[in-house]
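I opened this one to look up unusual backbone geometry and surface charge. Here are my notes, in the order I took them.

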Amino acid sequence: MLQHYRVLDLCEGISQFAGYLLASLGAEVIAVEPPGGVQSRHAGPFVDDKPDPERSLAHWAYNQGKQSVTADLTTAEGRQRLLDLVRGADALIEDAPVGHLASLGLAYADLAAVNPAIVHASVTPFGSTGPRSTWVGSDLTAVAGSGFLHASGDKDRAPVRVSGVPQSFLQAAGDAAAAMLIALREAQRSGRGQHVDISAMESMTHGQPQNLSPRVNANAIERLAGGLSLGGIDVPMMFPCADGNTICVALMGAAFAPFTQRLVEWEAEEGFADEELQAVDWETVAAEVLGGQRSPEIIAKSFATHARFLATKTTEELWAAAFDRNLLITPSALVSDLLTNPHFADREFWRDVQLDAERTARFCGPLVHFSHDAPERLPVVPQLGAGNDTFDANRQPHAATVAAGGPVSDGSELPLAGLKVVEFSWVIATPSAVRILADYGATVVKVETESRPDTMRTVNPFVDEDPHPDNSVGYGVYNAGKRSLSLDLSNPESRPVVEDLIRWADITTESWAPGAAARMGFGYDDFSAINPQIIMLSSSLLGQSGPYSSLAGYGFMAAAIAGFYEITGWPDRGPAGPYGPYTDFLAPRVIVASLMAALERRDRTGTGCYIDISQTEAALHYLAPAILDASINGRDPQRSGNDDPHMSPHGVYPSTGEDQWVAVACTDDRWALLAETIGLAGDGAAGWDQAARRERAAEIDEAISAWTSGRTNAEAAEALQASGIDAYPVNNAQGCCDDPQLRAREHHINVPQSHRGTMWTQHCRTRMSRTPPVVWRGGPCLGEDNFEVLTEFLGYDAERVADLAAAEVLA
């Protein structure tokens, strides 16, 4: 699909996921490495735990399908070699510290002087601009600044990150790949490239509308292992069962009430739920409690009952009940469980590569399933420098070739201006992906109905705690910049409207239960018969096929199936899990990149295609090194708090104030400075190597805690950063609102919104230098754009619109 693009990948670490994603979609990706190889080649785990730059599983995970060339950028010859590569490339991605490439004469302006069409993406901890852009950063501190860390873990301990595989730079890399494809599409019209700025901290704010709570006078969530706490009410979702742990989503509100009711009925059958619980209206009880009409004890009682009941069931019994009784329940899997899951085998997700005579390495397979021209399986990881003499040095960039007859745009339009999208999807995963398309100029029509609105309209936070469906901050975050068409799809007279929307559109998305679209007559075969150029994407928990595809659910459940819960938390406690419906935050990057690749294919072939994305399969790529480790070395990643295999000390420490913390990640070369700062330098501590520091971890943590406890988290971070030590305040919601870096980058913006006049939302997570994203409105009110969509987009006259309204189609 992307065979016409050449991408240079200079990333040293896990940001290599961006190049891997593009290679998975068919791009030619050249990894440009120093003579000794990039850092990931020297990072464990290794095959059989034997260090070897050609057998690092951290490197294998995200470098399949690439070529490797070497260039020593510290020399004039190496820099010229890179510029020669840039001359024929379409894009370049790097994760160098801010200012490093500029110091070598390799800033974006230098690259553009050689190739004006080059798209240059930078992935950094905190972004390329802003007062903290030059701070030292890592996964821990990027997650700390985002607000995500503060929301994850046990409420009586320090916040905790996902163990094993650093997540912030993976999410930033996914954002980078998607943004690069958007910028490349614009370059085909203008003949000009641009710089794309991606902050790992801002990427991790995705899924964090609660960070806006202080701005809208709403209750902020509080940390709770395996769940969340809101307004003093604990809402657990992780429960021990007879032989492990399970996620059980027994929530309140219109979208969740039927599932919770069925669970309570099962509990009643077996003598666990009493008459009081059986009589609860699960659709309204939360609002009644928050409004003071009912005691919160009823909610606490319900979760206590769920806990007692689930403890009597095995994971196998609960898994069967999820299907038989239509419940929101899934076992919490170990990473090793994934390797034998029959669903992934049925969908041919795994790619097995013979490692030696006796063993097979199990790599993650397709990110999505395409109906047409699916990219071929990626070849194995290249050896260092194997491509030094194989690439075509005389290649012309694709944008230069397309624009050879003169640009068709002056470069002032947004990259996706003219792209038309019809969205039938809801909640988070696909709507947040489509929101990115809207940020960059696409015209998006979101189809809902008053009888079944998007679930996010019913989810906190609400402005001033008013639970009006047009007042949800989360809905606004995921749907800003879209139009709303209220259309009752159960009314037969809506069908001609849907068909006209499909004739108008370039892309359509849906996230109904697998098979529902086809049963409604809204499947890809139906739509492609109307518009052969239509690109249709279906998003679901486990994909459209396979033995478990019918499982209904949310990202909490997919995160449990994918193994995220079991690796997040403390070794001496049960799983804490990452905050929220975690796979809903991971899939959008893959969705945007896949849609952009499908558009490139349509440009070439004139026909559309169908895309089936399983949120769980997309999420597994974010654990690829751990999956390889389990496959080859037989090792399951374990919960390890905030420990890190490459840095020590590495943790979250108390600061002044209630539930206030600072994250500190110390590399070997900064240990002596840290030891001196916290008062440990006197006993030869400055000379302790990493092994010695790990042996004395408790002593070191105590010394750091004593030092940080007398300072605010901002004071502690600033003092440590002044010595080049990686540290950042662990922002809660208020901290995110006050954070000088997020404020300087205008991460929170107040935009027009019809119900409130204005509403706070989050800015786009990626920033382009020449065609920056535009958020022109907040989330639309239900049906507020009916007349515009029907008359201006579909060409209906006023009489026809009135007839549709009279027939109750627009409801």
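Before placing anything in a loop, I note that helices (H or I, at least four residues) and strands (E, at least two) are DSSP runs, numbered from the N terminus. I also keep in mind that this is a predicted model.

**Entry: positive phi**

I started with Asn-217, which sits in the loop between helix 8 (200–203) and strand 7 (221–222). Its phi is positive, about 60 degrees, although Asn-217 is not a glycine. I looked up the accessibility too: Asn-217 counts as exposed because its relative accessibility is 54% and the cut-off for exposed is over 50%.

Next came Glu-348, in the loop between helix 15 (342–346) and strand 13 (351–354). I found a positive phi here as well, near 55 degrees. Glu-348 has 58% relative accessibility, so I filed it as exposed.

Why bother noting these? Most residues other than glycine have a negative phi, and most peptide bonds are trans.

**Entry: cis peptide bonds**

The second half of that reminder sent me to the prolines. I found a cis bond from Asn-460 to Pro-461, with omega near 0 degrees. Pro-461 belongs to the loop between strand 17 (443–448) and helix 18 (473–479).

The bond from Ser-648 to Pro-649 is also cis, with omega near 0 degrees. I located Pro-649 in the loop between helix 25 (624–633) and strand 22 (650–654).

**Entry: surface charge**

Which residues gather in a patch of negative charge on the surface? I listed Glu-493, Asp-797, Glu-799 and Asp-803. Glu-493 lies in the loop between strand 18 (483–486) and helix 19 (495–504). With a relative accessible area of 46%, Glu-493 is partly exposed.

Terms used. Residues are numbered from 1 along each chain as its sequence is written. This is a predicted model: local features need pLDDT of at least 70, side-chain atom pairs count only at pLDDT 80 or more; totals for chains, interfaces and linings use all residues. Side-chain values use heavy atoms; hydrogens and water are left out. Patches are made of residues with over 30% relative accessible area and no salt bridge: like charges are joined within 9 Å, nonpolar side chains (Val, Leu, Ile, Met, Phe, Trp, Tyr) within 5 Å. Accessible areas come from the Shrake-Rupley method with a 1.4 Å probe; for residues, only the protein chains shown count as cover. A salt bridge is a side-chain nitrogen of Lys or Arg within 4 Å of a carboxyl oxygen of Asp or Glu. Lys and Arg count as positive and Asp and Glu as negative; His and the chain ends are not counted. The place of a charge is taken as NZ of Lys, CZ of Arg, CG of Asp or CD of Glu. Buried means under 20% relative accessible area, exposed over 50%, partly exposed in between (1.4 Å probe, protein chains only).
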